[in-house]
Amino acid sequence: MSEQRPKPEAGGPALEGHAVEQIPAKTLRSREPAVRWLTPDELADLRRDMAESSAWMRAELKRRRARRQDQ
C-alpha cells in the first residue's frame, strides 16, 4: 500500500506561492537538521561557480547574437 503524503503547503511570506513538502518526522534523525548552512568555503566556491557560469552565459549570448546578425 502506498503511504499518504501530506499536500505541499505555503510556508510563510518568503515561500509564498512555492510548494513546500514536509518531511515525515520518522525519516529524520533526532540530531540531524533538515537543512544546514553552507560553510564559508562552500559559499565562496558557490559564488565563484555562479560568477563563472554567468560570465560564460553572457559570452554565449553575445556569440549567438553576433552569429544571428551575420546571417
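**Close-ups of helix H1 and its surroundings**

**View 1. Arg 63 and Glu 60 sit together in helix H1, three residues apart, or about one turn of the helix.** Helices here are DSSP runs of H or I with at least four residues, strands are E runs of at least two, and both are numbered from the N terminus. The model is predicted, so to speak of a local feature takes pLDDT of at least 70 and a side-chain atom pair counts only at pLDDT 80 or more, while totals for chains, interfaces and linings use all residues. Residues are numbered from 1 along each chain as its sequence is written, and side-chain values use heavy atoms, with hydrogens and water left out. Arg 63 makes a salt bridge to Glu 60 (a Lys or Arg side-chain nitrogen within 4 Å of an Asp or Glu carboxyl oxygen), and the closest N and O atoms are 2.6 Å apart. How do the two partners rate, buried or exposed? Glu 60 counts as buried at 13% relative accessibility, whereas Arg 63 is partly exposed at 42%. The cut-offs are under 20% relative accessible area for buried, over 50% for exposed and partly exposed in between, with a 1.4 Å probe and protein chains only.

**View 2. Arg 64 also pairs with Glu 60.** The closest N and O atoms of this salt bridge are 2.9 Å apart. Arg 64 and Glu 60 are four residues apart in helix H1, so about one helical turn separates them. Arg 64 is partly exposed, with a relative accessible area of 48%. Put the pairs together and Glu 60, Arg 63 and Arg 64 form a salt-bridge network.

**View 3. Arg 36 and Glu 42 meet side chain to side chain in a salt bridge.** The N to O distance is 3.0 Å. Arg 36 is exposed at 54% relative accessible area, while Glu 42 is partly exposed at 30%. The model's salt-bridge count comes to four.

**View 4. Arg 58 reaches Ser 54 through a side-chain polar contact of 2.6 Å.** Such a contact is a pair of N or O atoms within 3.5 Å; within protein, one must be able to donate a hydrogen and the other to accept it, and sequence neighbours count only if both are side-chain atoms. Arg 58 belongs to helix H1 and is exposed, with a relative accessible area of 54%.

**View 5. Leu 38, Leu 46 and Met 50 make up a nonpolar surface patch.** Together they offer about 270 Å² of accessible area, from the Shrake-Rupley method with a 1.4 Å probe, where only the protein chains shown count as cover for residues. Patch residues have over 30% relative accessible area and no salt bridge; nonpolar side chains (Val, Leu, Ile, Met, Phe, Trp, Tyr) are joined within 5 Å, like charges within 9 Å. Leu 46 lies in helix H1, which covers residues 40-70, and is partly exposed at 37%.

**View 6. The whole chain has one helix and zero strands.** Of its 71 residues, 1% count as buried. About 7,500 Å² is exposed, and carbon and sulfur atoms supply 54% of that area.
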